[in-house]
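Me: I'm new to protein structures, so please pick one part of this model and take a close look at it for me. A long, connected answer is fine.

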Amino acid sequence: MSPSSKELVKYPFYLIVHPFNGYWELKYERSNKINLVISFVILLLLSLTNILHSQYAGFLVNLYNPKSMNSLMEFVYVLVPVLFWCVANWSLTTLMDGEGKFVEIFNSTCFALIPLVLINFPWIWLSNVIAMEETAFYHFSNSFALIWFVFLLFVGNMTVHQYTPLKTIMTMLLTLVAIGFMAFLCLLFFSLVQQIISFISVIYQEIVMRG
Amino acid sequence: MKLFNKGGFRKRLAVCALSFALLFSSGAMLVQAEGGGSSYNYSFWGNTVVAPAAYDATALLTGDDLGVGSLKEPNDLHVTADQHIYVLDSGNNRILVLDSNYALLDVIDQFDNAGQQDGFSNPQGIFVTEDKQLYVADTGNKRVVQLDQQLQLVKIVDSPQSELLQANFDFQPVRVVVDKASRIYVMSTGVFDGFMEFSANGDFTTFIGANRVYVDPIEYLWKTLSTKEQRSQMVQFTPTEFTNLDINDEGFIYATNGDQWGDNIKKLNAQGTDILRREGYFEPEGDIRYRPVDGPSRLIDIDVADSEIYSVLDAKRGRIFTYNGDSHLMYVFGGLGNQLGKFTAPTAIERVGDNMLVLDKALGEITVFETTAYGRTLNEAVRSYYRGDEEAAFQRYMETINMNANLEFAYSGIGKALLRQGNYGEAIKYFKESYDNKGYSKAFLLHRKAILRSYFPTIMTSVVVLLLILIVWRKVRKWKGGKKIVTIE
């Protein structure tokens, strides 16, 4: 059954307000391929929101050094944490009797990001017409979006892996630890590669100079 | 809403155009400040940016020039309101008095103490009140000496008695200031409780303004792990001593301390509470960027001028940092070296009018700095703003940013003037330029109100019209619907 395009747009919104049903559908009733497309669109939109935020959000909520602004890095700042989370989560849950496949974990994570786009995007423009006293609303909405995101992530994880709530919380915390490990290993790997490359280039230079 | 956003875009364009105009105008038509970009300042983001020199060294004074032989380890300077300069020549146990043209007026090396000739012994600090009462921290003799206008001894403050002081207390005054009520504040070596306050007749009253104790976490861990015997061998956690002090016209004591952390410049009120406004882009502490091996600035003297402007002297790199009342860094000058305008061991700074004197302890020289056009303009801008003369401040700040577009806090000064004039839209731009979000918010609120007020009739009219249309639409639909139902029946 191929869902109509209208239904395609409606489904993510349905999911964020009915997470239990929505995620159930995501896992058991809907095509992973289409979900994957939606997921990538969400990631793209989130990156766009972040870029626009750093460029256009109001001065009071966006003290940003234009010299350090890099749109490409904004994509990386979205993509890398999501991938880290998914890989860490998948690695853990395969050992902890999780029923989720990697693609399901990825989709559920991406769908959970919707509130961040939905709430932060209008605020980019709204924040240009607020004064300092009204920034409280901005910060409140931001926190609200974040809490909503975490809740969706929780429900998504629980549904995809068919866990109990307590086990989900444990897995999520462990996932954070695992991300820490992965970041450390990546750092180690990159610095080692860097050293090897510089070692080889030094040897090469020396040979060239002597020859 | 849409309209407003469009306005925002147009505004941004205007800002761009304005900044371009500024860029070109400063290069093309306006006089470049003397000294070009030989000094520096710190930007909002903590980067070092070039700035024109605010002060230029113009003269060097030595003891030989004055005809009194070379100075030996001079320690302190003081300048009175009528611009008489008192130089404390500690190694020669004398005080030189110069007039504002740096010509010698007097040498004070002895006084009459109850019929006997008395002198100083390695004095470290000097202070002269408005009515020319001379106070000398006579360190070697462990006393503070007060002489009157005719250099007659008024009183000697020594061996203070109080239950606050330990029995074996050693009084070694090194710096002294006196407030308008003739209370004497003495900085004494080995005192960790702050400054010693003496009443007008020389009795010790209390300590004020003690520094806080800094506990090194690692040191603390070792201490908790060690035995009592080991602990007694270790260095105690003690508050740092002050390094210098000055008093302004309002009677507030400005003090520096040797801390490498926290607030090392303080403005103390009568209770000894620190009331320095720290609203600059960073804490007033001298250099904020330095190599880790060099460490932060070590402040050893402070001079407070009018309009809450104050300067501190960094002994480590020989630089003089001047801040305004909000602790925005105005300008930096000086340095260590052998040229004119550089020092070997600077020990004291003092202002004569707008000129700055820097005393070099090792060479026994005084360097005279005079303001450049840039320095004068900026000083005048800060003063005008302090006086509340917004119009003059606006003009001076405008001139200042033409000479130094990097001076971010100047934009805030312009913004405040524009705000007062009611030009909110322009004020917003300038506040944004100086990253002053409080000023921005204030100007923005007024701007928004003005815009909404000007569009109020349009907005209200359209709302009313829309409501009317809605009501009519509903009526029509009901009427039609009703008819339909009727026809179906």
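Reply: A quick word on the record: UniProt positions appear here in the numbering used for this model, feature names are shortened, and annotations may be inferred rather than shown by experiment. Residues are numbered from 1 along each chain as its sequence is written, while chains are lettered from A and ligands numbered from 1 in the order in which they are written. This is a predicted model: local features need pLDDT of at least 70, side-chain atom pairs count only at pLDDT 80 or more, and totals for chains, interfaces and linings use all residues.

UniProt (unreviewed entry) puts "domain: Yip1" at residues 14–185 of chain A. That span is 79% helix and 0% strand; helices (H or I, at least four residues) and strands (E, at least two) are DSSP runs, numbered from the N terminus.

Now for the part I picked, chain B. Its count is nine helices and 27 strands. Its C-alpha trace spans about 125 × 65 × 45 Å along the principal axes. The radius of gyration of chain B is 31 Å, while a compact globule of 489 residues would be near 23 Å. (That radius is taken over C-alpha atoms, and the globule rule is 2.2 Å times the number of residues to the power 0.38.)

Chain B splits into domain 1 (2–48 + 393–442) and domain 2 (55–371), with bounds from an automatic or database domain assignment. The C-alpha centres of these two domains of chain B are 37 Å apart. Where they touch, each domain of chain B supplies 10 residues; a contact means that two C-beta atoms, placed from the backbone, lie within 7 Å. On the domain 1 side, strand E1 (residues 39–42) of chain B gives the largest share, four residues.

UniProt (unreviewed entry) also places "repeat: NHL" at residues 69–101 and 110–150 of chain B. Residues 69–101 of chain B are 42% strand and 0% helix; for residues 110–150 of chain B, the figures are 54% strand and 0% helix.

Let's zoom in on one hairpin. Strands E16 (residues 195–198) and E17 (residues 204–208) of chain B pair in the antiparallel sense over four bridges, where pairing takes at least two bridges found by DSSP. B:Met196 sits opposite B:Phe207 in E17(B). Five residues lie between E16(B) and E17(B), and B:Gly202 in the turn has a positive phi of about 90°.
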